[in-house]
Amino acid sequence: MKVLMSMLFGFLMVLPQSNELNKAAGNWEGTITAPGVSLKIVFHIVNSEGKLSATMDSPDQDTYGLKMDEVVFANNKIKMTIQQYGGQYEGELKDGKFVGKWSQGGQSIDLNLTRIKKKGSS
């Protein structure tokens, strides 16, 4: 009985956090626009047992499935990093969209993300 109660209590403690993380989970798409370039970016964010993970696609560069090293979501703010490319996305969930910036190589560019339904690889 003690084991059952411990498991139930543990489950109930994780449940609110999992629901919060589900706000960020899903497929998100946006476009980086800079002088002379416009790149579609897609993030696939997964909530697995109360822990977020993500991959990133850049379909215009024929690049898919880049694993993000860190994904943190709290208080409607998300931070995702990919160390291999020195990139980071930080955004805030507002009205069902992430409003934020992509930073890489000392530059920061607006990147707002809209939830999409997954279609193929992107």
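This dialogue walks through a pocket, a buried histidine and the aromatic pairs of a predicted model.

Reader: How much space lies in the largest pocket?

Author: The model is predicted, so read the value as computed from it. About 280 Å³ of space lies in the largest pocket.

Reader: Which residues are the closest to its centre?

Author: Leu 39, Met 56, Gln 61, Trp 102 and Gln 104 are the closest. They belong to a lining of 15 residues.

Reader: Which elements give two or more residues to that lining?

Author: Five strands appear here: β1 (26-34), β2 (37-48), β3 (51-58), β4 (63-67) and β8 (97-104). The largest share comes from β2, with 3 residues.

Reader: What is the lining of the largest pocket like by class?

Author: Nonpolar residues number 11 and polar residues 4. No charged residues line the largest pocket.

Reader: Turn to His 44. Where is its place, and is His 44 buried or exposed?

Author: His 44 sits in strand β2. Burial is read from relative accessible area, with buried set at under 20%. His 44 has 10%, so it is buried.

Reader: Which side chain does the His 44 side chain join in a polar contact?

Author: The partner is Asn 27. The contact between the two side chains is 2.5 Å.

Reader: Now the rings. What describes a pair of aromatic rings?

Author: Two values do it: the distance of the centres and the angle of the planes. In this model the count comes to 4 aromatic pairs. One of them is Phe 43 with Trp 102, at 6.4 Å centre to centre and 40° between the planes. That pair is tilted.

Reader: Which parts does the pair of Phe 43 and Trp 102 tie together?

Author: Phe 43 lies in strand β2 and Trp 102 in strand β8, so the pair ties together parts 59 residues apart in sequence. Both residues are buried.

Reader: Why is the pair of Phe 73 and Phe 98 edge-to-face?

Author: Planes over 60 degrees apart count as edge-to-face. Here the planes stand at 90°, so the pair meets that rule. The ring centres are 6.1 Å apart.

Reader: Where do Phe 73 and Phe 98 lie?

Author: Phe 73 lies in strand β5 (residues 70-74) and Phe 98 in strand β8. The pair therefore ties together parts 25 residues apart in sequence. Phe 73 is buried, at 7% relative accessible area. Phe 98 also counts as buried, at 1%.

Reader: Which residues do ring pairs link into a cluster?

Author: Trp 28, Phe 73 and Phe 98.

How values were computed:
Residues numbered from 1 in each chain as written. Predicted model: local features only at pLDDT ≥ 70, side-chain atom pairs only at ≥ 80, totals over all residues. Heavy atoms only, no water. 1 Å grid on protein atoms, 1.4 Å probe; cavity = no way out; pocket = protein on both sides within 12 Å on 5 of 7 lines; lining within 4 Å. Points joined across faces, edges and corners; volume = space filled by probe spheres on them. Helix = DSSP H or I, 4+ residues; strand = E, 2+ residues; numbered from the N terminus. Nonpolar A, V, L, I, M, F, W, Y, C, P; charged D, E, K, R; others polar. Buried < 20%, exposed > 50% of the residue type's maximum accessible area, 1.4 Å probe, protein only. Polar contact = N/O pair within 3.5 Å; in protein donor to acceptor, adjacent residues only side chain to side chain. Phe/Tyr/Trp six-rings, centres within 6.5 Å; stacked < 30°, edge-to-face > 60°.
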